[in-house]
Every structure is written in C-alpha cells, then in structure tokens.
Amino acid sequence: MTDYILTNAVIVTVDPARRVLFDGALAVENGRIAVIGRTEELIRQSPDTRRIDCTGKAVFPGFINTHNHLFQTLLKGLGDDMVLSDWLRTMTFPAARFLTPEDSCHAAMLGCAEAVRSGVTTMTDYLYLHHKEHLTDGVAKAMTELKIRGVIGSGAMDAGLDAGVCPEITQTPEVVEREMTELFDRYHNSEEGRLKVWAAPAALWSNSEKMLRMLWELTSSYHSGITIHVSETPFDRKATEALHGCAGTDCLEKLGILGPNVLMVHCVYLNQKDIAAAKQYDLKVSHNAVSNMYLSSGVAPVPAMLKAGVTVSLGVDGAASNNGQDMLELMKSTALLHKVSTLDPTVITAEKVLEMATIDGARALGMEDEVGSLEVGKKADFVVFNPYLSPKSIPMHNPVSTLVYSSTMANIESVAVDGRFILENGVLTTADERKILEDGYRAAEQLASRAGITNRGAGHPWCSVYAENR
C-alpha cells in the first residue's frame, strides 16, 4: 500500500533521461519510490492515499556529501587565514588531542543537522584521528539518532611526524586493524542499511605503506570502500613523495589501492597522468571547492576530470576549513569557481553541479543503484524545495538554476530519507534541534579551552592586512 504521494510538484528526477516533470507526482511505498508520473494519473490510481501538496515547489533527489570531518564542527572559525600545513599544525591537530567521544557526538549532531537543512540526505564522515577509543562511536550515534544515511569513515595515521602530525594522535597498524574490525562488525550495513563503514586513512603522507596496505585488505574483506586525501596541495605531494617515493595515483598504483571503491579527496594537483589513471581504474573524486578556496589550496582540474570521464562528486569538507555544512553554498561556489578560473561560463553548468551533488555522489559511494536520482524502485531520499520561503528564489523560471544560483537553506522545506521525513515543514523531526545547538556550543567552548586555543572571543585579534594604507 502506498504511504503517501507528493502532488503538483516540479520533479527534477536526475534519471538517465534527465526528466523534469511539471505538475508531477511521486508515490512512496515502504521507503522506496513506487510511482512517478502526472498528478492526475497518480491520484486516479490511488484516490484514498495521503497527499502532500507541493504546488509551486520543486522536488530534487537528496544531496550527497562525499567528504567531511564532522568533529571540526566544534572548531568552526578558528582556522581563518592559514594555509593547510599551518592550519593542521597550529589548530586542528592540537585540538584533536583533546577530543572525546561525547565531543564527536555533539559535533556530528550539529554538523548533520545543519547539513540536513541544506538538503543533505547522505553524509560521508572522515574521522582521521584516534588518540582514544570510541571516537567514531559518537559519529555513529548521531547518524543513528538523526536517521540520516551515513558513511562512517574511520581513519588512521602512523607517519608524518616531520610534517606536523602530533604523536598523540597516531596509532600502530595493529591497533587500527583491531578497532576498524570492531567498527565494521558493529556498524557496517546497520540501521536497515543506512550506515556503512569505510576506511579513511588521513592522507598518503601521514600513513606508512604497512598501514595503507592493511586498510585496503580489510576494506576489501568487508566489500566496502576507502577514501583518502590525495594531492590536496604542493606540500601534500612533496610529503607523499618523501615518504613513499611517488605521489598521486602513482602512489596508489604502487600500493595496489585501485578500483571503483576508491574515493580520492581534493585532487587539486592531479596531473594529466593522474587523471588518466583515475579514468582507467574508475577511481572516484570528491571535489571540495569551498575548502580549497578557504585554505588557498588552489583550483582542482575538475573540467579536465569531467572531460576525461572521471566521476567527480561534491564534499563540503570539515567546518574548520569551510565554516559551514551548506551544500547549497557549495554547489554555487563550485560552478562559479570553475567559470572564473577558466574564463569560460559554460565549463560547468547548474545541471552538472546538481548531478555532482546527487547521482555522481551516489556513484562515488557505490550507491547509484539505491539513491542519487528519483526513479521507481530507488530509496525515497528527496528534498522539497519551496521558492516562496526566500525572496532570493523568486521567480523560479528554471528549478535547477534557482537551486544552484538563487537559493538559501530557508528554501529547504522538507527532507526525507527512506521515505521518512527527517525535516518536515522546516522542523527537524528526529531530535531536539535547540538542544543540539546548545550542546554543540558548549562542547566547542570546552574543547577550545582544553586545547588552549586562544584565537576566539576577546583573544581573536582584528586582522586587516591593509589597515596601514587607509
């Protein structure tokens, strides 16, 4: 029996034909999409089914974030105006030493709640530090409570001390293997399949060959995936070459970490050989435009990757190098960054950015048969977009253009995962949002205090490098 029908909507399917149905309807049954068609047809087929009127609204597939560090939600705004190496050495790594499982839970609750308000239905986390046990359990607890679809990326570091890694947050391969095995057994494919566990070693330059090979073997044994920072900055490539004798996809080839379940993150300094290898081995990419701009890392060669046929998805990255979890902001920033950097307004369109945020994100996570588009039989993960909730979004001549270039988080009226509304009419339904905000704020203050971070409140100096020229 059909659970409910969305009626009178503009349905942007992102299906293989890229259909956009005006006056469309979508029926949900047992958490999956049962029928998509015209409103009149679906009402005639199921006259007694509950209807949700979406007149004047658009329905999109749920957005898929393929890279994040949710613990950094507590560090938001503390890493301004730094390059990656300084940002890691002076703020992120020192704070990480004092992170507790409770902190990781509060951070994940806060980050996921913000992400849901920007239309995210699938969240990929990447907890690359483990100075104590059960930090990842806090992330799993938050994803479970909020009912979001989640990829729990559990990371590791056992190298990179010369490059700024704190010894306190490193682990031996033996300890990591034991803890990762426990995580796989506890959470992989749990919560009716909503939660997955992936390996997420921090970077090629911060992990030994022994660690990386072990994680790849463990990942393969559980038929899961591995995600890793690759060629984020010139420092990244130089440090990787110093440790492994090569960088980029050459390093992945050397280690045998190859295949469609490998998700490379950032990839700002991939060269043509790297891009060709990514296509050859079907390596996926998570593009993090806002983070790359915030840390002045550079502009990833995304148009070249797309032209070569590489799957490129979108990642908001951690809030300490983005200052938000806003997928809508990321979509617009991605389009504009590549237009201006290439001086070509056609190099990436609004439609392509939406694909990167939906079906390409699903491909990057091996979920394209289940989510990423609105098609019969797929899981009912979708977003209801109401242009009337913000003057910025009126008029909505083209729903995709409006979403990418003229939207705000206020426009995200409802969000469903497995057909269940986790945000309904602007209200988070699975948790007390006020409590999430208060707990997150308190945890952030306490973590910064324990870590001795003074770059906040009255301790943050006014920074205007051109003040003397006034």
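**Burial, contacts and cores in a predicted model**

Q: Where does glycine 377 lie?
A: In this predicted model, glycine 377 belongs to the loop between α14 (359–364) and β14.

Q: What makes glycine 377 partly exposed?
A: The relative accessibility of glycine 377 is 37%. Buried would require under 20% and exposed over 50%, so the value falls in between and the residue counts as partly exposed.

Q: Which residues does glycine 377 touch, leaving aside those up to four places away in sequence?
A: Glycine 377 touches Arg32 and Ile33, with that exclusion applied. As for glycine 426, 49 residues apart from glycine 377 along the chain, the two C-alpha atoms are separated by 27 Å.

Q: Why is threonine 249 called buried?
A: Threonine 249 has a relative accessibility of 1%. The cut-off for buried is under 20%, therefore threonine 249 qualifies. This residue is part of helix α8 (residues 248–255).

Q: How do you know that threonine 249 and aspartate 274 make a polar contact?
A: Their side chains are joined at 2.8 Å. The limit for such a pair of N or O atoms is within 3.5 Å, so the distance meets the definition. Aspartate 274 is also one of the residues that threonine 249 touches beyond four places in sequence, a list that includes Met264, Lys273, Ala277 and Leu283.

Q: Why is histidine 229 called buried?
A: Its relative accessibility is 7%; buried means under 20%, so histidine 229 counts as buried. The residue is located in strand β10 (residues 226–230).

Q: What makes the approach of histidine 229 to histidine 69 a polar contact?
A: The two side chains meet at 3.4 Å. Since the cut-off is within 3.5 Å, the pair counts because 3.4 Å lies inside that limit. The side chain of histidine 229 also reaches the backbone oxygen of alanine 202, at 2.4 Å. Excluding residues up to four places away in sequence, histidine 229 touches further residues, among them His67, Tyr126, Asp236 and His266.

Q: How many aromatic pairs does the ring rule give?
A: Applied to this model, the rule yields 5 aromatic pairs.

Q: Why is the pair of phenylalanine 60 and phenylalanine 385 called edge-to-face?
A: The ring centres are 6.1 Å apart and the planes stand at 90 degrees. Pairing needs centres within 6.5 Å, and edge-to-face needs planes over 60 degrees apart, so both conditions hold and the pair is edge-to-face. Phenylalanine 60 lies in strand β5 (residues 58–61) and phenylalanine 385 in strand β14 (residues 382–385), so the pair ties together parts that are 325 residues apart in sequence. Both phenylalanine 60 and phenylalanine 385 are buried.

Q: What makes tryptophan 205 and phenylalanine 235 an edge-to-face pair?
A: With centres 5.1 Å apart and planes at 70 degrees, the rings satisfy the limits of 6.5 Å and 60 degrees, so the pair is edge-to-face. Tryptophan 205 is in the loop between β9 (195–199) and α6 (209–221), and phenylalanine 235 is in helix α7 (residues 234–244), so the pair links parts that are 30 residues apart in sequence.

Q: How do tryptophan 205 and phenylalanine 235 rank on accessibility?
A: Tryptophan 205, at 6%, counts as buried. Phenylalanine 235, with a relative accessible area of 24%, is partly exposed, because buried means under 20%.

Q: Which residues have the most contacts inside the largest nonpolar core?
A: They are Phe63, Leu129, Met264 and Met331, in a core of 128 residues. Helix α3 (residues 101–117) provides the largest share of this core, 9 residues. Methionine 264 touches, among others beyond four places in sequence, Ile228, Thr249, Leu270 and Val285. Apart from this core lies another, of 18 residues, including Leu21, Ile36, Ile52 and Leu374. In soluble globular proteins, nonpolar side chains tend to be buried together.

Q: How do you know whether the radius of gyration of the protein chain agrees or disagrees with that of a compact globule?
A: For 470 residues the globule rule gives a value near 23 Å; the protein chain has 22 Å, so the two agree. The C-alpha atoms fill a box of roughly 70 × 55 × 45 Å along the principal axes. Buried residues make up 60% of the 470 residues.

Conventions
Residues are numbered from 1 along each chain as its sequence is written. This is a predicted model: local features need pLDDT of at least 70, side-chain atom pairs count only at pLDDT 80 or more; totals for chains, interfaces and linings use all residues. Side-chain values use heavy atoms; hydrogens and water are left out. Helices (H or I, at least four residues) and strands (E, at least two) are DSSP runs, numbered from the N terminus. Buried means under 20% relative accessible area, exposed over 50%, partly exposed in between (1.4 Å probe, protein chains only). A polar contact is a pair of N or O atoms within 3.5 Å; within protein, one must be able to donate a hydrogen and the other to accept it, and residues adjacent in sequence count only if both atoms are side-chain atoms. Contact means heavy atoms within 4.5 Å. Rings of Phe, Tyr and Trp (its six-membered ring) pair if their centres lie within 6.5 Å; planes under 30 degrees apart count as stacked, over 60 as edge-to-face and the rest as tilted. A nonpolar core is a set of buried Ala, Val, Leu, Ile, Met, Phe, Trp, Tyr and Cys residues joined through side-chain atoms within 4.5 Å. The radius of gyration is taken over C-alpha atoms; the globule rule is 2.2 Å times the number of residues to the power 0.38.
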